[in-house]
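Ready for some practice in reading a protein structure? Take a look at the model, and then work through the exercises below one step at a time.

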Amino acid sequence: MADQGEVDPLDHTSEGASPAASSRGDARLAAGARIGRYQLRDVLGEGGMGIVWSAHDPDLDRTIALKVIKRGDAPPQLRLRLLREARAMARLKHPNVLTVYEVGTEGDRDYIAMELVDGGPLEDWLRTNPGDREIVEALLDAGRGLAAAHQAGLVHRDFKPHNVLRRAADARVLLTDFGLARGTGDAGDAGDAAPPTVPGRGPVRAGGSRLDGSHDSVLDTALTQTGMLIGTPAYMAPEQFAGQEPDPRTDQFAFCVTAWQALTGARPFGGSTIDELRRAACAGVGEVQAALPPAVRAILARGLDPDPDRRWPDLDQLLEALEQVTRPARPRWWLPAAG
């Protein structure tokens with residue numbers, strides 16, 4: 001079974017963890033155990049905040065994905081926010097958003113029961129070199145799911161190819177991993193501004209420390225330390241680097257980074273340190289070379305403007321513009337045939 005995508009984005013090194021690996025997070029969990037009415041089967045992945053299992057729902061006789069939240073020493077406000085946003089997701093019904101069936105607590109365990117997707121992240125599918133038309137359709141579907149979240153009052157804060165799933169059977173695209181999501185009216189995160197930590201690497205300095213280029217480098221790792229950077233630096237908007245409150249325009253920026261990457265094979269902003277990425281994002285894409293049709297580039301460039309006020313008013317308008325300029329040309333069947 002492919003990565004469900006609901007593994008916490010804090011730790012990419014844990015994807016596809018084995019049951020033995022999961023025991024490090026909670027030795028009491030094992031295949032066959034029950035959480036609520038669900039019986040655990042196999043570990044799909046593990047992250048900094050939770051373990052995702054495949055589980056059996058005996059009431060409906062179906063297999064689901066069950067994210068069991070690690071309690072540890074997490075502050076109560078973090079747990080409350082996670083549960084609140086998961087419940088908001090449960091109310092969000094959209095064909096391009098992963099379905100949440102139930103959110104609950106049993107004893108000292110919080111859990112989220114979700115749709116199980118037979119597929120993998122968008123980033124894996126892009127490595128198969130699909131056609132441009134397929135890529136555009138997948139991006140539009142992912143964007144529609146993100147726009148639906150905005151309409152429901154949610155800001156994702158960590159949109160990227162890893163958090164978009166593509167189902168193998170019917171190419172359905174689903175937005176997932178709202179582990180960092182928050183309501184648009186939430187107050188800022190509380191907490192001390194301690195240096196963010198990447199699992200297995202210790203504190204990360206945001207100033208200019210050279211970071212290695214391995215798959216799980218900090219550039220592709222979400223930083224979730226309370227009071228510090230929230231999101232994945234390679235997809236973050238300038239206001240996120242500045243510690244400002246994210247809003248739907250912040251997600252719009254991340255969507256455009258993802259779309260640029262999907263259509264060109266490279267992200268618009270380069271850098272091997274957080275500081276380099278911040279400077280690149282703040283400079284915009286005016287000088288960035290990329291093989292994009294001018295109309296598509298103009299749409300994405302507006303969404304990537306360093307000033308949130310100069311981006312698209314909302315994601316729906318961006319998607320409408322993108323759909324119009326990429327729509328296949330209609331055959332001019334009404335013209336009379338040449339003599």
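Start with one pair of residues: I35 has Y38 of β2 standing opposite. Keep in mind that you are looking at a predicted model.

**Exercise 1. Find out how β1 and β2 pair, and which residue in their hairpin has a positive phi.**

Step 1. Look at the direction of the strands. β1 and β2 (residues 38–46) are antiparallel partners, joined over two bridges.

Step 2. Go to the link between them. Two residues lie between the strands of this hairpin, and G36 takes a positive phi near 60°.

Step 3. Carry on to the next strand. β2 also pairs with β3 (residues 50–57), in the antiparallel sense and over six bridges. Here L40 stands opposite A55 in β3.

**Exercise 2. Work out the order of the strands in the six-stranded sheet, and explain why one side of β1 and of β5 has no neighbour.**

Step 1. Write down the order. The open sheet runs β1-β2-β3-β4-β6-β5, with antiparallel pairing.

Step 2. Check the ends. β1 (34–35) and β5 are at the edges with a single partner strand each, so one side of each is left without a neighbour in the sheet.

Step 3. Zoom in on the β5 end. β5 (residues 100–106) and β6 (residues 109–114) pair in the antiparallel sense over six bridges. V100 has M114 in β6 as its bridge partner, while E102 stands opposite A113.

Step 4. Inspect the turn. β5 and β6 form a hairpin with two residues between them, and G107 in that turn has a positive phi of about 65°.

**Exercise 3. Describe the three-stranded sheet and the helix that lies across two of its strands.**

Step 1. Put the strands in order. This open sheet is β7-β9-β10, and its pairing is antiparallel.

Step 2. Name the edges. They are β7 (119–121) and β10 (173–175), each of which pairs on one side only. From one strand to the next, the twist averages 25°.

Step 3. Follow one pairing. β7 and β9 (residues 164–167) are antiparallel and share three bridges, with G119 opposite R167 in β9.

Step 4. Add the helix. α4 (residues 132–151) lies across β9 and β10, and runs at about 35° to β10.

**Exercise 4. Describe how α6 and α8 pack.**

Step 1. Choose your numbers. Two packed helices are described by the angle between their axes and the distance between the axes.

Step 2. Read them off. α6 (residues 248–264) and α8 (residues 294–303) pack at an angle of about 145°, with axes 8 Å apart. The crossing of α6 past α8 is left-handed.

Step 3. List who touches whom. On α6 the contact is made by Q252, F253, C256, A259, W260 and L263, and on α8 by V296, R297, L300 and G303.

Step 4. Sort these residues by class. The contact has seven nonpolar, two polar and one charged residues.

**Exercise 5. Where does the largest share of the lining of the second largest cavity come from?**

Step 1. Survey the whole structure. The search finds three cavities of 30 Å³ or more, and the second largest has a volume of about 50 Å³.

Step 2. Look at the walls. Its lining residues include R157, D158, F159, T250, D251 and A254.

Step 3. Give the source. α6 supplies the largest share of this lining, with three residues.

Step 4. Finish with the classes. The lining of the second largest cavity has four nonpolar, three polar and three charged residues.

Note on methods. Residues numbered from 1 in each chain as written. Predicted model: local features only at pLDDT ≥ 70, side-chain atom pairs only at ≥ 80, totals over all residues. Heavy atoms only, no water. Axes fitted to C-alpha atoms, helices over the stretch in contact; angles between N-to-C directions. Helix = DSSP H or I, 4+ residues; strand = E, 2+ residues; numbered from the N terminus. Left-handed = near helix turned anticlockwise from the far one by under 90°. Contact = heavy atoms within 4.5 Å. Nonpolar A, V, L, I, M, F, W, Y, C, P; charged D, E, K, R; others polar. Pairing = 2+ DSSP bridges. 1 Å grid on protein atoms, 1.4 Å probe; cavity = no way out; pocket = protein on both sides within 12 Å on 5 of 7 lines; lining within 4 Å. Points joined across faces, edges and corners; volume = space filled by probe spheres on them.
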